[in-house]
Every structure is written in C-alpha cells, then in structure tokens.
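I set out to record what surrounds the ligand in this structure and how the backbone behaves at a few places. The entries below are kept in the order of the look-up.

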Amino acid sequence: MFDIELIREFEREETPFYYYDLDLLKRTLKSIDLEATKYNFHVHYALKANFNDRLLRLIQENGLGADCVSGNEVLKALEMGFDADKIVFAGVGKSDKEINIALENNIFSFNVESIQELEVINELAAEKNKVARVALRINPNVDAQTHHYITTGLDENKFGIKSWELEDCINTLKKLSSVKLIGIHFHVGSQITDLNVFKSLCVKVNELNNWFEERGHYLQVLNVGGGLGVDYHNPDENDIPDFESYFKTFDQFLERKLNQEVHFELGRAVVAQSGSLISRVLYVKKGIKKNFIILDAGMTELMRPALYQAYHKVQQLSNSDESSETFNYDVVGPICESSDCFAKEVSLREAKRGDLIAIRSAGAYGEVMSSGYNLRNEIRYVYSGERN
Ligand SMILES: *Cc1c(COP(=O)(O)O)cnc(C)c1O
C-alpha cells in the first residue's frame, strides 16, 4: 500500500498531514454499489465521518445520499451536489435555524428524536406552508457491543424516542398537519463488527414495523442507520469492509412490506481505510521502564485514541528492514495532555529522529475532529497520485 515511490513523495511534504487514497475510496464505493444494488437498498453517507471536499465529491458522484447531523452539514451536502431528496437530517438537538435550513431546501426527511421536536418542526413547517417529511428515530434498546462512548441505541442513551413513548407519538402526529410520517429510523452505535447486532436490530425493526401497520400507519422507509465497523488491526488485508455479508444480513432478517424502501447511513465503513495520518518522529526518549516516540502529530490531528482509547495501527515507513531488532514504545504526540497518546507498549523497530510514521485507518472521525488546541496549525492533506 505504501510503496517506495509514495514514501519518497511523503519525504518532501511538511508533516503532519492526512494522506487520502482516492483509489481505495473508489473501490470501496464500487463494492457498496454492487452489494446494495442487489437488494435495491438506498445508501446515505454520514458526512460527519469526513467532509473533505474531494472525498465528498467522489461519494456524491457514486450516487450515495447524505446523512447530516447539523444545518451546516445539510448546506455542505447541497453545495457538494447531493440531491435534496437524498438528504436526511438527524440529531438530538436541532435548532430552529437548522430546521428552517432543512425546510427551505426541501430535504427528503427529518429523523426526529423526540415528541417536542415533532411539534417544533410542525410549527416551523406551518409558517412556511410546507409539510415536512419525518421519520421517527426509535431507540430499540439493542446493545451494539462496542465502546460505551459510541453506543447509541440503549435506553440509557440520549438518542431517539423510547418504545414506551410511541403511543404518545402517534397521538401527537394525528394533531399535527404540517408533518407527515414516512418511516422509522434507527442507529444503534458505531464500529460494530459483530453482524449479530444487526440481526437483533432487524428483529426489533420488524416488531415495530408491524406495530405501526396494526395502527394504520404505512411506512415508506425503514432506515436502519449505519455503524458497520472496519478492521483497524489489519488495514491492508481488510481494506474494504465486508459489505456483502452486511447487506445480506439485512436482506435475510428484515421483513419488508410491499414497496417499502430500506435506507442505510454508513460513515466509518466508507472512508476509514482510505485515510492515514502521516507524521515524523521528533524525538526518541529511552527510559528504564519505557521508551517513547514523540511525533509531530497529536490528539489535535487525530483525537480518537484520546477520546475513546481507540486503536490505530502505527506503521513505520522509514525503517522497513524486517530483520532489525524491535523495542517496546509508547507512541505519543506533542500536546500538553497525558491522554495525547496514539499507542501504548507497541513493538516497533528502532526509531530515530526524522523517521516517517503512518497512523493507519484514520479516514473516519480524524480530520473532522482536528482542533486548534495549543494553537496548532490547521491540518493539511495530500491525495494519492498528486500533491496539493
Ligand atoms: C454517526 C451516524 C451515522 C454513521 O455512523 P458510522 O458508525 O460512521 O457508520 C449514521 N447515522 C447517524 C444518525 C449518525 O449519527
């Protein structure tokens, strides 16, 4: 993946920077298209995973819709050419201003997270003489079996409408003339690697689909969210997630009624493996108990390890002599926080000042979370096959 020529190109660049492999992204999008088309599934891309222009453009060109979680993401999606009728808007705290942006642009659907929000959307839509299409985001109480910071579908999480509120919800809907119920929506968590989680989700969706039908509500859309995980340990061996099994699971276990559409909202699985954070070794500290590699990239460029103790593979690009002796290192950044650490006790070949290091699988929730803490420079990026 990182051939000699590419590394030579990296040598000329000022570090740190994100490197995006557009060819891998294209192949990933092809695979999504191939597998989703088999079942006529609709796929939206969750912009929050990465809203880099070049990546968004490719994703849009490949026909995906957009899943947005803020008014600015809705505007960004429109600016990048996503069709309004392929844009959905989720989020537990949509402001009036954000709701108005979505209404003015006639997006496909609001994924509504509370009864109060339904009332607010109804009021704002009425002011504009519009009828807003809404899907109810239901919290199905399915455990995503992932880190608790990225679990969203349990009763204790802030997201979605709880099942015991649904009766109230449809009674409220009867009174509201400026919102139209088109479907139900779910998103139970992220970095889900056990497909049984999605199977459990399907069982819940089927129950709820019937529940609505029994009460005379036909649902046009079943939106099952995103959350498919990627292999952070083997980014080269598993560079494209197993979309075949993923979509097949839903085809097998989700019971669709006549003409019902199934929608997905994938973020991480689309972009994670296409990005790496490229950094240089500034200093090497040899201790009695520990050795440290101090990089010029830190939590300000890639926050996932500090935020949820996420694992990223650290790959040495300069010293590629497989036979050289290895040492245990903590790989850390320059930021004044002890959590500014990319990896603890990893076995690496001897590192020296100036070595290039790649932190792999950083295409999702990387660049988008970069910050100016410590008055750091704005993050730079380089795309495969060209310099920018
Ligand atoms: C974040 C998010 C997604 C995407 O999650 P991934 O784990 O990146 O696939 C999808 N839907 C909603 C509502 C989200 O908030």
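The entries that follow concern the ligand, its pocket and two backbone features.

**Entry 1. Model.** I note at the outset that this is a predicted model.

**Entry 2. Ligand shell.** I looked up the residues around the ligand and found 15 of them. The closest are K48, S190, E265, R268 and Y365. I then sorted the shell by class, which gave 4 nonpolar, 6 polar and 5 charged residues.

**Entry 3. Polar contacts of the ligand.** I asked which atoms of the protein approach the ligand's oxygen atoms. For S190, I recorded a polar side-chain atom at 2.3 Å from an oxygen atom of the ligand. For Y365, a polar side-chain atom lies 2.6 Å from an oxygen atom of the ligand. For R268, the atom concerned belongs to the backbone: this polar atom is 2.8 Å from an oxygen atom of the ligand. I next looked up the cover of the ligand; on its own the ligand has 380 Å² of accessible area, and the protein covers 94% of that area.

**Entry 4. The pocket.** Which pocket does the ligand take up? I found that the space taken by the ligand is the largest pocket. I recorded a volume of about 590 Å³ for the largest pocket. Its lining consists of 34 residues, and those nearest the centre of the pocket are K48, V69, T152, F159 and H187. Among the secondary-structure elements, β10 (261-266) and α10 (268-271) are those that give two or more residues to this lining. By class, I divided the lining of the largest pocket into 14 nonpolar, 12 polar and 8 charged residues. K48 thus appears in two of my lists: it is one of the closest residues to the ligand, and it is also one of the lining residues nearest the centre of the largest pocket.

**Entry 5. Backbone at Y365.** I returned to Y365, one of the residues closest to the ligand, to check its backbone. Y365 has a positive phi of about 55°, although it is not a glycine. I placed Y365 in the loop between β16 (356-359) and β17 (380-383).

**Entry 6. Backbone at P16.** Is the peptide bond from T15 to P16 cis or trans? I found this bond to be cis, with omega near -5°. P16 lies in the loop between α1 (4-11) and β1 (17-20).

Conventions
Residues numbered from 1 in each chain as written. Predicted model: local features only at pLDDT ≥ 70, side-chain atom pairs only at ≥ 80, totals over all residues. Heavy atoms only, no water. Near = heavy atom within 4 Å. Polar contact = N/O pair within 3.5 Å; in protein donor to acceptor, adjacent residues only side chain to side chain. Areas by Shrake-Rupley, 256 points an atom, 1.4 Å probe, with all protein chains shown as cover. 1 Å grid on protein atoms, 1.4 Å probe; cavity = no way out; pocket = protein on both sides within 12 Å on 5 of 7 lines; lining within 4 Å. Sits in = over half its atoms within 2 Å of the grid points. Nonpolar A, V, L, I, M, F, W, Y, C, P; charged D, E, K, R; others polar. Points joined across faces, edges and corners; volume = space filled by probe spheres on them. Helix = DSSP H or I, 4+ residues; strand = E, 2+ residues; numbered from the N terminus.
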